[in-house]
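Trainee: Please take one part of this model and look at it closely with me, starting from the question of bonding between sulfur atoms. I would like a careful account that I can follow on the screen.

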Amino acid sequence: LISTNKIIIGYNQGYEPEQPIPYSHELHAGTYKLDCRYCHVAVETSRHASVPSLNICMNCHTTVALDKPNIQKLHELYNKGESIPWKKVHLLPDHVKFNHASHILKGKQCQECHGPVETMPVVTQVKSLSMGWCVDCHRKPENNAPTQCSTCHY
């Protein structure tokens, strides 16, 4: 249900915003096997997975790929004390409180909701993330997950 003029929050299957600096998860998570938690540092302790800070990028890019224009742009932003204005890919309505930490701590893999991110040159929302989609997962006996409204709406 994506149109070029309107984003429908929570139903953006196929949504793939252009980022201010191209970042390939296929390269970083796929080829180089970086664990999602290396960049998304708060995913085990917070509701939010956290968008990586520029400091995390600079852990490698003080010495790696310095000749590439996009890495030079990283350096420029870093030296100015600025951050990258990443565009959120997976959008939920404000009244939905998804908790990443509780899912990760229960053993869920990032790919269950985000798809095979390690194969994506550009991150795309592959699941609907609709309430029905989430509730269907919670209702699976093997997940033993709560289905009360207050689980996600508080």
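**Cysteines, the second largest pocket and its surroundings**

Mentor: The sulfur of Cys60 has its closest cysteine sulfur in Cys39, at 8.0 Å, and that is too far for a bond, because a disulfide requires the two sulfur atoms to be within 2.5 Å. Please keep in mind that this is a predicted model, in which a search of the whole structure turns up 0 disulfides. Cys134 is likewise in no disulfide, since the nearest cysteine sulfur, which belongs to Cys152, is 6.4 Å away. As for their surroundings, Cys60 counts as partly exposed at 34% relative accessibility, and Cys134 is also partly exposed, with a relative accessible area of 25%. Cys134 has its place in helix 7, which covers residues 131-138, and its C-alpha is 33 Å in space from that of Asn55, a residue 79 places apart from Cys134 in sequence.

Two other cysteines, Cys36 and Cys110, bring us to the second largest pocket, as both are among the residues that line it. This pocket holds about 250 Å³ of space, and the rest of its lining consists of Ala29, Lys33, Leu34, Asp35, Arg37, Ile104, Lys108, Gln109, Gln111 and Glu118. Helix 2 (36-39) and helix 6 (110-114) are the elements that each give two or more residues to this lining. By character, the lining residues divide into 5 nonpolar, 2 polar and 5 charged.

Among those lining residues, Lys33 deserves a separate look. Lys33 lies in the loop between helix 1 and helix 2, where its phi is near 60 degrees, a positive value in a residue other than glycine. With a relative accessible area of 67%, Lys33 is exposed. A second residue with a positive phi that is not a glycine is Ser50, at about 75 degrees; Ser50 is found in the loop between helix 2 and helix 3 (54-61) and counts as partly exposed at 23% relative accessibility.

Glu118, which also lines the pocket, leads on to His25, because Glu118 is one of the residues in contact with His25 once neighbours within four places in sequence are left aside, contact here being heavy atoms within 4.5 Å. The other such contacts of His25 are Gly30, His40, Val117, Met120, Pro121 and Val123. His25 sits in helix 1 and is buried, its relative accessible area being 17%.

Finally, a word on confidence in the prediction. The mean pLDDT of the protein chain is 91, with 94% of its residues at 70 or more. Helix 1 (residues 25-31) has the highest confidence, at 97, whereas helix 5 (residues 100-105) has the lowest, at a mean of 94. Over residues 1-5, by contrast, the pLDDT is below 50, and this stretch has 5 contacts in the model beyond near neighbours in sequence.

Technical notes. Residues are numbered from 1 along each chain as its sequence is written. This is a predicted model: local features need pLDDT of at least 70, side-chain atom pairs count only at pLDDT 80 or more; totals for chains, interfaces and linings use all residues. Side-chain values use heavy atoms; hydrogens and water are left out. On a 1 Å grid over the protein atoms alone, a cavity is a set of points where a 1.4 Å probe fits but cannot get out, and a pocket is an open set with protein on both sides within 12 Å along at least five of seven lines; lining residues have an atom within 4 Å of a point. Grid points are joined across faces, edges and corners, and a volume is the space filled by probe spheres set on the points. Helices (H or I, at least four residues) and strands (E, at least two) are DSSP runs, numbered from the N terminus. Ala, Val, Leu, Ile, Met, Phe, Trp, Tyr, Cys and Pro count as nonpolar, Asp, Glu, Lys and Arg as charged, and the others, Gly among them, as polar. pLDDT is the predictor's confidence in each residue, from 0 to 100. Buried means under 20% relative accessible area, exposed over 50%, partly exposed in between (1.4 Å probe, protein chains only).
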